[in-house]
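Here are my notes on the model, as promised. Have it open while you read, and go through the points in any order you like.

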Number of protein chains: 2
Amino acid sequence: MKNKNINHQQILKKRPQGLPDKDTWELIETDLKELSDGEMLIAQEYISLDPAMRGWINQTRSYIPPVEVGDVMRAGSVGKVIKTKGKTVFKVGDYVTGWGGVQTYCVTKGENFYKVDSEKAPLSYYIGVLGMPGMTAYFGILEVGEIKEGDVVLLSGAAGAVGSVVGQIAKIKGCRVIGIAGGKTKCDYITEKLGFDGAIDYKNENLNDAIKKHCPKGIDVYFDNVGGEILDSALIFLRKKARVVICGAISQYNSVSSMKGPTNYLSLLVNRASMRGMVVLDYAPKYSEAMKQMAIWILEGKLFYKEDVYNGIENFRETFLRLFSGDKMGKLILKIKE
Amino acid sequence: MKNKNINHQQILKKRPQGLPDKDTWELIETDLKELSDGEMLIAQEYISLDPAMRGWINQTRSYIPPVEVGDVMRAGSVGKVIKTKGKTVFKVGDYVTGWGGVQTYCVTKGENFYKVDSEKAPLSYYIGVLGMPGMTAYFGILEVGEIKEGDVVLLSGAAGAVGSVVGQIAKIKGCRVIGIAGGKTKCDYITEKLGFDGAIDYKNENLNDAIKKHCPKGIDVYFDNVGGEILDSALIFLRKKARVVICGAISQYNSVSSMKGPTNYLSLLVNRASMRGMVVLDYAPKYSEAMKQMAIWILEGKLFYKEDVYNGIENFRETFLRLFSGDKMGKLILKIKE
């Protein structure tokens, strides 16, 4: 039993060059202070590990300010309100999700936290298929990708938290879906379990040949989570008026040299195609509508969701690095409930 | 006086690596054959020289098939119908514009030729501001760039046939317009004569510093004719929901190594921006509407148009190369009337 008055926090200690190493974060213990009026104490249960977190610890401002050295590492989380003081937004016993950070307890007045229903879905779903990754997939493929029935959809990171949902939504909408993933296990998973029409193993296949084989008439939508060589190959096969959704570029996040830009970008010109970036936060006003739809699909058995859960805040870095080694299946989660 | 029964033609002889050289085209003389029923003989007056022509002589299919070795070099042109046989689309004396090619005479049944009014505008305008370059500018900035009043518009190739028109249309629509061009003469021209709000001399200024100075709040629309380093710099300064119009990439057309892709393309993600390619041919059904509007702006003195005219079909290659050396001002035209 750990001491209930102690908060365990992963603090950003030093900005990494390349992959985060043992100097990047430091696990510290701090005493929980008395709450002020309006504050709540949240006992965190699960933390979401996402590729975007790598970007937040760079110096440069991205779509949100960087995590400062000395601050608790930013992360999406879900937990339970266990104490309140004065008038608060949530009450003791409520389950909430928000930017709880990589720490076992979180003190907040509730800004950007949302109450969730632990009866309707497993708690961890609220940082996964019903949280940011799920919302990213939903709005990315529907609103940015603008898929319509019969479209050929190619996606990278296809076995991941976002990609697996993107592909399944595209299938629900009547598209032909080809996923790119690393290794036979993941490729079997997306075709056999998720019902994709085809899988490309980028670690063992020639990308151009494989895309040509699976998409002989080209691609209407390419949903990109990885950037680099895979993006470049996909661009070659765009059809007229194709849409490229730029959701992430995991292959480039730890690059210490300059980024690799898409050499074949003039395919956009030749094919009158577009490449559009997205940030899920923009769709916050419509999250609840999307969550409702996703929940229905899950209940109907149309949307399968898989988690890969690891334990212990002390294992944060090692677990986080699985995102970049690819050594995980489905949504990567750290359970930190003490 | 040249022989009226002889056609002078620039034939594609050998596909170039890099810049076209003296082996790329060959000037030949051929006898004009008797017309068949429905055919017209056009005495060509002006030929349009455009960067896109470089792409047409590569082996690879682009948005139109490549010019084949042995064929007359493709080019837009304007000329006069001087002979017809049987029932024809146009009559003797009509002025027409179309894909006449780099030759002094052209025999056609009139497919993809349009009659023009030599009274309403100088003949050469129909391959310039009222032709492809003008249409590219019009639809590119209005329909792809989706400019609105108050937008900050940055454009490259700003003193060129397309860029100069893009910038002026953006000014007419109430945008703040900054042009990028090579050398003081061109920069003075776009600010003093065309009324742009600022000019950046990419040959003598640090691009990032200069864009920052001229567009301290960033860019809403970047209209790209050049690609390469300039595109990369522009991407850094995108504002939220910015639009990048990919019209061309003249810096890359003669590259013998692989293309340089836009290293900073993730700015699209961070800024929820889009990059879209365009091909003017798609807008053909709306050309006449656009031409009417452009003609009005010219008459009202709101749209200034400058031509750089050279003489003689034998000077085709040397003149064409001015597009890539930058040694020209305004729309580059070859006068070939014999």
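What covers the buried residues of H3(B)? I'll start there, then move on to the chain as a whole and to the way the two copies meet. Keep in mind that this is a predicted model.

1. **The cover over H3(B).** The answer to my opening question is a mix of helices and strands, all in chain B: the cover includes helix H2 (132-144), strand S8 (152-155), strand S9 (176-181), helix H4 (184-193) and strand S11 (219-224). H3(B) itself spans residues 163-172, and 8 of its 10 residues are buried, so the helix is largely enclosed by the rest of the structure. The buried ones are Gly163(B), Ser164(B), Val165(B), Val166(B), Gly167(B), Gln168(B), Ile169(B) and Ala170(B). Have a look just past the end of this helix too: Gly174(B) takes a positive phi of about 85° there.

2. **Chain A overall.** I count on the computed assignment here, which gives chain A 9 helices and 15 strands. Its radius of gyration is 20 Å, close to the 20 Å from the globule rule for 338 residues, so chain A is as compact as a globular protein of that length. The C-alpha trace spans about 65 × 45 × 35 Å along the principal axes. Buried residues account for 49% of the 338 in the chain. As for how the sequence folds back on itself, take the contacts in chain A between residues at least 6 apart in sequence: 65% of them join residues at least 24 apart.

3. **The nonpolar core.** In soluble globular proteins, nonpolar side chains tend to be buried together. Here the largest nonpolar core holds 204 residues, and the members that touch the most others are Val153(A), Leu154(A), Ile219(A), Val153(B), Leu154(B) and Ile219(B). If you want one of these to click on, try Ile219(A). Beyond its neighbours within four places in sequence, Ile219(A) is in contact with Val152(A), Leu154(A), Ala234(A), Phe237(A), Leu238(A), Arg239(A) and Ala242(A).

4. **A residue on S6(B).** Val107(B) sits in strand S6 (residues 105-108) of chain B. Is Val107(B) buried or exposed? Neither, quite: it has 17 C-beta neighbours inside 10 Å and therefore counts as partly exposed. Setting aside neighbours within four places in sequence, the contacts of Val107(B) are Leu35(B), Glu39(B) and Leu41(B). Ala43(B) is 64 residues away from Val107(B) in sequence, yet their C-alpha atoms are 9.1 Å apart.

5. **Where the chains meet.** On the chain B side, 24 residues are in contact with 24 residues of chain A. Helix H7 (267-270) and strand S13 (274-277) of chain B are the elements giving two or more residues to that side. S13(B) gives the most, with 4 residues. By class, the side of chain B that touches chain A has 14 nonpolar, 7 polar and 3 charged residues. Strand S13 of chain A and S13(B) run antiparallel and are joined by 3 bridges. Within that pairing, Met275(A) has Met275(B) as its bridge partner.

6. **How the copies are related.** A turn of 179° with a shift of 0.0 Å along the axis lays chain B on chain A with an RMSD of 0.1 Å. That is the relation of a two-fold axis. Of the interface residues of chain B, 100% are also interface residues in chain A, so the copies meet through the same surface.

Conventions
Residues are numbered from 1 along each chain as its sequence is written. Chains are lettered from A and ligands numbered from 1 in the order in which they are written. This is a predicted model: local features need pLDDT of at least 70, side-chain atom pairs count only at pLDDT 80 or more; totals for chains, interfaces and linings use all residues. Two residues are in contact if their C-beta atoms, placed from the backbone, lie within 7 Å. Ala, Val, Leu, Ile, Met, Phe, Trp, Tyr, Cys and Pro count as nonpolar, Asp, Glu, Lys and Arg as charged, and the others, Gly among them, as polar. Two strands pair if DSSP finds at least two bridges between them. A residue is buried if 20 or more other C-beta atoms lie within 10 Å of its own, exposed if 12 or fewer, and partly exposed in between; C-beta atoms are placed from the backbone. Copies are superposed by least squares on the C-alpha atoms of residues with pLDDT of at least 70 in both. The radius of gyration is taken over C-alpha atoms; the globule rule is 2.2 Å times the number of residues to the power 0.38. A nonpolar core is a set of buried Ala, Val, Leu, Ile, Met, Phe, Trp, Tyr and Cys residues joined through C-beta atoms within 7 Å.
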